[in-house]
Amino acid sequence: MARKLPVINTLNKKVLFVHAVLFLVIGDFLVTKYHSFMPLFILFIIYAVWSYIPLMIVCPSLVKGSVKIIHGTLEGTIPLFEECFNFFQKYPWLDKYRYFFFLNPNDISYREASLDNIANAYVDAGQKQKAIETYEKMIELFPENYIAPFYLKFLK
């Protein structure tokens with residue numbers, strides 16, 4: 001049975017901790033300086049925008065594919081996630097430093113997540129062999145990945 005949500009990446013606790021500490025330190029400074037919680041609210045809005053808008057501009061296919069999956073439609077997601085995978089293959093430094101550019105505290109890269117979502121779409125479409133090939137490619141490119149071996153056991 002295919003998942004109906006895009007892969008939920010594991011959080012990198014160190015990066016998440018740094019984000020939280022920076023948010024709290026800057027927030028405390030702003031609240032102390034301006035004697036109001038409004039700057040904290042504005043800081044939250046800036047954080048939310050910074051974590052979403054750059055990704056929407058740089059790789060809209062990832063966002064479109066994820067939205068389709070969340071709405072229960074896997075049809076047409078494979079080309080979107082392939083486009084995303086190819087984009088981050090071309091610019092691996094963006095994926096490597098996703099913690100900064102997209103405020104993404106996940107351990108799994110966008111390339112890994114894209115391949116996982118492609119394989120998931122193949123499973124849902126009944127194309128088991130293509131899903132297996134995609135997971136094998138995922139293991140080849142990302143040997144430390146733990147998602148692909150789990151689903152390969154399930155599919156074989």
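A disulfide is counted when two cysteine sulfur atoms lie within 2.5 Å of each other. In general terms, a disulfide is a covalent bond joining the sulfur atoms of two cysteines. With that cut-off in hand, the cysteines of this predicted model can be checked. The tally comes to 0 disulfides. Take Cys59, which is in no disulfide: the nearest cysteine sulfur belongs to Cys84 and sits 3.3 Å away. Seen from the other side, the closest cysteine sulfur to that of Cys84 is the one in Cys59, and 3.3 Å is too far for a bond, because the cut-off is 2.5 Å. Unbonded or not, Cys59 is tucked away, counting as buried with 2% relative accessibility, and Cys84 is also buried, at 0%.

Now for the rings. The model has 7 aromatic pairs. One of these is made by Phe87 and Phe88, whose ring centres are 5.1 Å apart. Their planes meet at 85°, so this pair is edge-to-face, since anything over 60 degrees falls in that class. Phe88 itself counts as buried, with a relative accessibility of 0%.

Phe102 and Tyr110 make another edge-to-face pair, with 5.6 Å from centre to centre and 80° between the planes. Both partners are hidden from the surface by the usual count: Phe102 is buried with a relative accessible area of 2%, and Tyr110 is buried at 7%, because buried means under 20%.

These two pairs also belong to a bigger picture: Phe87, Phe88, Phe102 and Tyr110 join Tyr91 in one aromatic cluster.

Note on methods:
Residues numbered from 1 in each chain as written. Predicted model: local features only at pLDDT ≥ 70, side-chain atom pairs only at ≥ 80, totals over all residues. Heavy atoms only, no water. Phe/Tyr/Trp six-rings, centres within 6.5 Å; stacked < 30°, edge-to-face > 60°. Buried < 20%, exposed > 50% of the residue type's maximum accessible area, 1.4 Å probe, protein only.
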